[in-house]
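Pull up the model and have the sequence at hand. We'll start with the whole chain and then look at a few places in it.

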Amino acid sequence: MFNALVVTKDDEGKTHAAVQSLTLDDLPAGNVTVAVEFSTVNYKDGLCIGPGGGLVRNYPHVPGIDFAGTVEASDDDRYKPGDKVVLTGWRVGEAHWGGYGQKARVNADWLVPLPEGITTRQAMAVGTAGFTAMLAVMALEAHGIKDGPVLVTGAAGGVGSVATAILSNLGHEVAAVTGRPETADYLKDLGATQIVAREDINETTKRPLEAEAWGGCVDAVGGDMLARVLGQMKYGASVSAVGLAGGAALPATVIPFLLRGVNLLGIDSVMQPYENRVAAWKRIASDLPMEKLEAMVQPATLSDLPQLGRDILKGNVKGRVVVDLN
Ligand code: NDP
């Protein structure tokens, strides 16, 4: 028997999340069984713990879009019992049962060996949010980060916090956009050199170009903010578009692309090929200062998840929640 957060749907279509006892026979098909040690809470998890946001097709469902743990049984040559592994993406926790259980059964193709030098707990302090932040920074590097501060939007959230810490550790000035002024000290401790108030950058402007301010941008917000930021980028600078915490619309003009050679880079963490995943986790192990990572951690257990799911949908989670399943 093991514990898991199970989401059920009643006859009226309402979902209910509660900790239940399950057996290995309850787990879905897959060729590797993992003893999950840690998971985390992402925006998508908030949706899947609650009414689903169209992501979950079948109930009962075990959410948790990422986890790290130890292989318990494997029918795949690449993994053997005792191996430490990490999983993000591949619609695990949405279409397939995820990491909010002490055991998970998955396809070996979805796993990545835990990189050397980090623990399963640290891997989930990073989680999908941090992994995506690393992909976003790597995309900026591939296109060249220009001089001047790199802007991080949604900075006090999961993606933003990790992006801030990585960019600062790599020697970049970081301007952190937040709607929560009380997180300023936290963001400065992560390495932000400048705090930008959300309202200063959130409003639409009729001017397609403003003064050139940013040498790069990791954007977790989208919407009006992304549209505005495009017109503030330095000549030839790039924006990694990661999230839509502020909206999916992009009310922008093409002028920043045409007159300033600005690049808008799409970042997807879910379907990233294996080699890119391994490269990003390696960079995380080398470029993310682990003491800064620890400062972002908010510990939690399975029973905290229903409330945390509601909190993250309201933008009320700071940094990275680490769910302990041991
Ligand atoms: P969080 O909820 O932890 O962080 C989002 C942050 O955005 C908040 O903390 C807040 O930061 C800011 N924010 C929230 N609402 C608004 C708003 N209305 N306007 C402006 N800013 C707002 O989520 P994550 O960091 O985990 O994820 C961020 C985004 O990235 C989400 O949209 C998520 O779905 C997406 N994502 C995409 C991935 C991909 O593969 N492309 C992978 C992972 C996440 P502050 O309080 O500092 O203002």
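Of the 326 residues of the protein chain, what percentage count as buried? The figure is 48%. Keep in mind that this is a predicted model.

Now for the overall layout. The protein chain holds ten helices and 15 strands. Its radius of gyration is 20 Å, close to the 20 Å that the globule rule gives for 326 residues, so the chain is as compact as a globular protein of that length. If you lay the C-alpha trace along its principal axes, it spans about 60 × 45 × 35 Å. Contacts tell you something about the fold as well: of those with a separation of 6 or more, 69% are between residues 24 or more positions apart.

Next, find a pair of helices. Helix α2 runs over residues 120-143 and helix α3 over residues 158-169, and the two pack with their axes 8 Å apart, at an angle of about 50 degrees. That angle makes α2 oblique to α3, since it falls between the 35 degrees under which helices count as roughly parallel and the 65 at which roughly perpendicular begins. The crossing of α2 past α3 is right-handed. On the α2 side, the contact is made by Val126, Gly127, Ala129, Gly130, Thr132, Ala133, Met134, Ala136 and Val137. Facing them from α3 are Gly158, Val159, Val162, Ala163, Ile166 and Leu167. Sort the residues of this contact by type and you get eleven nonpolar, four polar and no charged.

Move along to helix α6, residues 223-230, which is mostly covered, with six of its eight residues buried. Those six are Gly223, Met225, Leu226, Arg228, Val229 and Leu230. What lies over them? The cover includes the strands β8 (150-152), β11 (216-219), β12 (238-241) and β13 (263-266), along with the helices α5 (198-202) and α7.

That last helix is worth a stop too. Helix α7 covers residues 255-260, and Ile255 sits in it. Is Ile255 buried or exposed? Neither, quite: Ile255 has 14 other C-beta atoms within 10 Å, and because a buried residue needs 20 or more and an exposed one has 12 or fewer, it counts as partly exposed. Setting aside neighbours within four places in sequence, Ile255 is in contact with Pro208 and Leu209. For a sense of span, look from Ile255 to Leu22: these residues are 233 apart along the chain, and their C-alpha atoms are separated by 56 Å.

Terms used:
Residues are numbered from 1 along each chain as its sequence is written. This is a predicted model: local features need pLDDT of at least 70, side-chain atom pairs count only at pLDDT 80 or more; totals for chains, interfaces and linings use all residues. Helices (H or I, at least four residues) and strands (E, at least two) are DSSP runs, numbered from the N terminus. The radius of gyration is taken over C-alpha atoms; the globule rule is 2.2 Å times the number of residues to the power 0.38. Two residues are in contact if their C-beta atoms, placed from the backbone, lie within 7 Å. Axes are lines fitted to C-alpha atoms, for helices over the stretch in contact, and angles run from 0 to 180 degrees between N-to-C directions. Angles under 35 degrees count as roughly parallel, over 145 as roughly antiparallel, 65 to 115 as roughly perpendicular and the rest as oblique. A crossing is left-handed if the near helix is turned anticlockwise from the far one by less than a right angle, and right-handed if clockwise. Ala, Val, Leu, Ile, Met, Phe, Trp, Tyr, Cys and Pro count as nonpolar, Asp, Glu, Lys and Arg as charged, and the others, Gly among them, as polar.
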